[in-house]
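Trainee: I am new to this structure and would like a close look at a single part of it. Please begin with one charged residue and work outward from there.

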Amino acid sequence: MSEGIRYEFAFGTYEDALRMVGVRTAPRYAGTAVSGARIQHFAAMVRDPNPAYWDADFAREVWGGLVAPPALLMGWLIPPPWLPNEEPPVPSIAIRVPLPGTSFINASNEVEFPATILEGDRLHVVEEVVSVSPEKTTRVGTGHFVETCERFHRADGALVAINNNTLFRFTPPGPP
């Protein structure tokens, strides 16, 4: 029985990381369909009364079904911490870029939604490493910015979201 998920960083040099620029993953599929219960749970957590999340009749008439909140995009494909088949979850490609650094923070995120994500949609994502910066020193430490692009699709192949994300992979400074 597993004790829990631990994602291991890939370690390497800046040159190793540059070789991953342009690399795309195979599609990673969500374990479940977008559900009304999760839409409403999220909306309740952030106290969002938007009827597109709560009123099934209104949402069906205007959008074709309950709408997935944009802020929940990443949540649809986060693998659960345990599955009965004991298969380990696949970490984001950003974690697999071989670089020095023991921590990361999200530096920026920009999402475009060419189509609305609705209750019942089955999503998958293809990730790509877009760029890796030369070493930079910031207030949090020294490291590299890793830019990725995730393209989310419905089961019918329709593109529903494009997420451009930049992480800063770094080593925090030691104690003074």
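What is the relative accessibility of Arg-96, and does Arg-96 count as buried, partly exposed or exposed?

Mentor: Arg-96 has a relative accessibility of 31% and counts as partly exposed. Buried means under 20% relative accessible area, exposed means over 50%, and partly exposed is what lies in between, with a 1.4 Å probe and protein chains only as cover. Two notes on the source come before the rest. This is a predicted model, in which local features need pLDDT of at least 70, side-chain atom pairs count only at pLDDT 80 or more, and totals for chains, interfaces and linings use all residues. Residues are numbered from 1 along each chain as its sequence is written, and side-chain values use heavy atoms, with hydrogens and water left out.

The partner of Arg-96 is Glu-127: their side chains meet in a salt bridge, at 3.8 Å from N to O. A salt bridge here is a side-chain nitrogen of Lys or Arg within 4 Å of a carboxyl oxygen of Asp or Glu. Arg-96 is in the loop between H4 and S2 while Glu-127 is in strand S3, so the bridge ties together parts that are 31 residues apart in sequence. Helices (H or I, at least four residues) and strands (E, at least two) are DSSP runs, numbered from the N terminus.

Glu-127 itself counts as buried, at 3% relative accessibility. Its side chain also forms a salt bridge with that of Arg-28, at 3.7 Å from N to O. This second pair links distant parts of the chain, with Arg-28 in strand S1 and Glu-127 in strand S3, 99 residues apart. Arg-28, Arg-96 and Glu-127 are thus linked in a network of salt bridges.

Next to Glu-127 in the sequence is Glu-128, which has a salt bridge of its own, with Arg-24, where the closest N and O atoms are 3.1 Å apart. Glu-128 lies in strand S3 and Arg-24 in the loop between helix H1 (14-18) and strand S1 (28-29), so this pair ties together parts 104 residues apart in sequence. Arg-24 is exposed, with a relative accessible area of 58%. The structure holds six salt bridges.

Arg-28 also leads to the nonpolar interior. It is one of the residues in contact with Leu-123, as are Val-34, Trp-76, Ile-117 and Val-160, when neighbours of Leu-123 within four places in sequence are left aside. Contact means heavy atoms within 4.5 Å. Leu-123 belongs to the largest nonpolar core, which has 21 residues; Val-34, Ile-39, Trp-76, Ile-117 and Phe-152 are, with Leu-123, those with the most contacts inside it. Such a core is a set of buried Ala, Val, Leu, Ile, Met, Phe, Trp, Tyr and Cys residues joined through side-chain atoms within 4.5 Å. At least two residues of this core come from each of H2, H3, strand S3 (123-132) and strand S6 (159-171). Apart from it lies another core, of eight residues, with Ala-17, Ile-93, Val-97 and Leu-99 among them. In soluble globular proteins, nonpolar side chains tend to be buried together.

Ile-117 is found in the loop between S2 and S3. It is buried, with a relative accessible area of 4%. Residues up to four places away in sequence not counted, Ile-117 touches Val-34, Leu-66, Val-67, Ala-68, Leu-73, Leu-123 and Val-160.

Ile-39, another member of the largest core, sits in H2, where Gly-36, Ile-39 and Ala-43 are buried. These three are on the same side of H2 because they cover an arc of only 65° around the axis. The arc is that of the directions from the helix axis to the C-beta atoms. On the other side of H2, Ala-37, His-41 and Met-45 are exposed. The cover over the buried residues of H2 includes H3. Between H2 (36-45) and H3 (51-54) is the loop that holds Arg-47, an exposed residue with 76% relative accessibility. The phi of Arg-47 is near 55°, a positive value in a residue other than glycine.

As for the whole chain, it has four helices and six strands. From the N terminus on, these run α-β-α-α-α-β-β-β-β-β. Of its 176 residues, 35% count as buried. Among contacts with a separation of 6 or more, 73% are between residues 24 or more positions apart.
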